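Please find below a colleague's note on this entry, set out as numbered points. The sequence and the model come first, and the points follow.

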Amino acid sequence: MKIEDEIKQRTFRDEYQKAYINLVFTSGWLQLKQGAMFKDFNLTSPQFNILRILRGQHPKPATVNMLIERMLDKTSNASRIVDKLEAKELVTRKVCPSNRRAVDIRITDKGLELLTKLDDVVNSQQLGMSNLTAEEASQLSALLDKIRD
């Protein structure tokens with residue numbers, strides 16, 4: 001559906017405004033769809049993001065600062081998210097033996113198993129990306145990179 005129809009707005013100041021509004025709208029749409037997908041697993045998008053980061057580090061530990069650097073949503077409170085994941089037994093947190101001020105965070109086997117289940121769900125959903133060809137997806141990625149330059 002076109003952005004004009006989605007937000008019931010027929011005219012825009014210019015193509016840049018239209019593209020910006022479309023980008024913001026689509027970002028929110030993707031977040032809603034992703035959030036609904038994770039709800040069945042009692043997980044939020046930021047929790048999923050942290051689990052994926054930790055799986056990439058596995059078996060090495062991560063620190064909260066490293067998680068913050070790599071998180072997609074820089075406004076999320078990584079410490080609070082780790083608290084919730086620890087309560088669900090998806091991560092462990094231990095004082096680093098070489099630096100007592102640092103805390104080592106690792107994904108648990110339970111966390112790895114959950115991500116394996118989610119991999120299948122995420123891959124099957126593709127949240128609109130299946131409407132694009134591989135070339136279009138590459139072009140979109142390049143354009144998004146260009147916006148952030």
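1. A residue is called buried here when its relative accessible area is under 20%. The coordinates are those of a predicted model, and on that footing Phe-38, at 0% relative accessibility, counts as buried because its value falls under the cut-off. Phe-48 is likewise buried, with a relative accessible area of 8%.

2. These two phenylalanines also form the one aromatic pair that the structure holds. Their ring centres are 4.4 Å apart and their planes stand at 35 degrees, so the pair is tilted. The pair links distant parts of the chain, since Phe-38 belongs to helix α2 (residues 15-39) and Phe-48 to helix α3 (residues 45-57), with their positions 10 residues apart in the numbering.

3. On the division of the protein, the assignment gives domain 1 as 1-40 and domain 2 as 47-147, and the C-alpha centres of the two domains lie 25 Å apart. Seven residues of domain 1 are in contact with nine residues of domain 2. Together the domains bury about 620 Å² between them, and 93% of that area is on carbon and sulfur atoms. Of the area that domain 1 buries against domain 2, 68% is supplied by Leu-23, Met-37 and Phe-38, more than any other three residues. The count of salt bridges between domain 1 and domain 2 is zero.

4. Turning to the interior, the largest nonpolar core has 26 residues, and those with the most contacts inside it are Leu-43, Ile-50, Leu-51, Leu-54, Leu-67 and Leu-85. At least two residues of this core come from each of α2, α3, α4 (64-70), α5 (78-87), β2 (103-107) and α6 (109-125). Helix α3 gives the most to the core, with five residues.

5. Which residues is Leu-54 in contact with, leaving aside its neighbours within four places in sequence? The contacts of Leu-54 are Ala-62, Leu-67, Val-91, Ile-105, Arg-106 and Ile-107.

6. A last point concerns Gln-57, which lies in helix α3 and is buried, with a relative accessible area of 13%. When residues up to four places away in sequence are not counted, Gln-57 touches Ala-62, Met-66 and Arg-70; Ala-62 is also among the contacts of Leu-54. Between the C-alpha atoms of Gln-57 and Thr-44, which are 13 residues apart along the chain, the separation is 20 Å.

Note on methods: Residues are numbered from 1 along each chain as its sequence is written. This is a predicted model: local features need pLDDT of at least 70, side-chain atom pairs count only at pLDDT 80 or more; totals for chains, interfaces and linings use all residues. Side-chain values use heavy atoms; hydrogens and water are left out. Rings of Phe, Tyr and Trp (its six-membered ring) pair if their centres lie within 6.5 Å; planes under 30 degrees apart count as stacked, over 60 as edge-to-face and the rest as tilted. Helices (H or I, at least four residues) and strands (E, at least two) are DSSP runs, numbered from the N terminus. Buried means under 20% relative accessible area, exposed over 50%, partly exposed in between (1.4 Å probe, protein chains only). A nonpolar core is a set of buried Ala, Val, Leu, Ile, Met, Phe, Trp, Tyr and Cys residues joined through side-chain atoms within 4.5 Å. Contact means heavy atoms within 4.5 Å. Domain bounds come from an automatic or database domain assignment. Buried area is the accessible area (1.4 Å probe) that two parts lose on being put together, summed over both. A salt bridge is a side-chain nitrogen of Lys or Arg within 4 Å of a carboxyl oxygen of Asp or Glu.
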